[in-house]
Amino acid sequence: MRADTEAALARVVRVFGAARPHRAYLFANRRANRMKVLVHDGIGIWLAARRLHQGKFIWPKDAAPTLSLNHPQFDALMLGLPWQRVGEAGVICVL
């Protein structure tokens, strides 16, 4: 979680080959209480960080090192909502 913009971008390029425009790349620490988001907005790159004072970000237990989220899931994650339960129409449903 000490990575700056250039180090995070280098990691994205190493894993995905390139940072694609209009995409966000999330990085989380092992304790799941901090997250960084690297965004390529089509013009440049920016890096944002979020730290939870209580609780954790919830990730699937069997998740691969890379995980894809759709736009509604990403929005829910940023708001602290249960992003795993967001359906196709952006509606949170009970599993």
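Reader: Which residues make up the largest nonpolar core?

Author: The largest nonpolar core has six residues, namely Met 35, Phe 57, Ala 76, Leu 77, Trp 83 and Val 86. Apart from it lies another core, of five residues, among them Ala 8, Val 12, Ala 19 and Leu 38. This is a predicted model, in which local features need pLDDT of at least 70 and side-chain atom pairs count only at pLDDT 80 or more, while totals for chains, interfaces and linings use all residues. Residues are numbered from 1 along each chain as its sequence is written, and side-chain values use heavy atoms, with hydrogens and water left out.

Reader: What makes a set of residues a nonpolar core?

Author: The set must consist of buried Ala, Val, Leu, Ile, Met, Phe, Trp, Tyr and Cys residues that are joined through side-chain atoms within 4.5 Å. Buried means under 20% relative accessible area, exposed means over 50%, and partly exposed lies in between, with a 1.4 Å probe and protein chains only. In soluble globular proteins, nonpolar side chains tend to be buried together.

Reader: How do you know that helix α1 has the expected span?

Author: Helices are DSSP runs (H or I, at least four residues), as strands are (E, at least two), and both are numbered from the N terminus. The expected span is 1.5 Å times one less than the number of residues, so the twelve residues of α1 (residues 5–16) should span 16 Å, and the end C-alpha atoms are indeed 16 Å apart, which agrees. Just after α1, Gly 17 takes a positive phi of about 95°.

Reader: Why is the pair of Phe 16 and Tyr 25 called tilted?

Author: Rings of Phe, Tyr and Trp (its six-membered ring) pair if their centres lie within 6.5 Å, and planes under 30 degrees apart count as stacked, over 60 as edge-to-face and the rest as tilted. By this rule the count comes to one aromatic pair. The ring centres of Phe 16 and Tyr 25 are 5.4 Å apart and their planes stand at 45°, so the pair is tilted. As for accessibility, Phe 16 counts as partly exposed because its value is 42%, whereas Tyr 25 counts as buried because its value is 10%.

Reader: What makes β1, β2 and β3 a sheet, and which are the edge strands?

Author: Two strands pair if DSSP finds at least two bridges between them. β1 and β2 pair in the antiparallel sense over six bridges, and β2 (residues 34–40) pairs with β3 (residues 45–51), also in the antiparallel sense, over seven bridges. The result is an open sheet of three strands in the order β1-β2-β3. Its edge strands are β1 (23–28) and β3, since each pairs on one side only. Among the residues matched across the sheet, Leu 26 has Val 37 in β2 as its bridge partner, Arg 23 stands opposite His 40 in β2, and Lys 36 stands opposite Ala 49 in β3.

Reader: Where do residues with a positive phi occur in the two hairpins?

Author: In the hairpin of β1 and β2, which has five residues between the strands, Ala 32 takes a positive phi near 60°. The hairpin of β2 and β3 has four residues between its strands, and Gly 42 in that turn has a positive phi of about 95°. Gly 44 also belongs to the loop between β2 and β3, and at 26% relative accessibility Gly 44 counts as partly exposed.

Reader: Why are His 40 and Val 39 called buried, and why is His 71 called exposed?

Author: His 40, in strand β2, has 16% relative accessibility and therefore counts as buried. Val 39, also in strand β2, counts as buried at 12%. By contact (heavy atoms within 4.5 Å), and not counting residues up to four places away in sequence, His 40 touches Ala 19, Arg 20, Pro 21, His 22, Arg 23 and Ile 45. With neighbours within four places likewise left aside, Val 39 is in contact with Arg 23, Ala 24, Gly 44, Ile 45 and Trp 46. His 71, in helix α2 (residues 71–79), reaches 56% and therefore counts as exposed.
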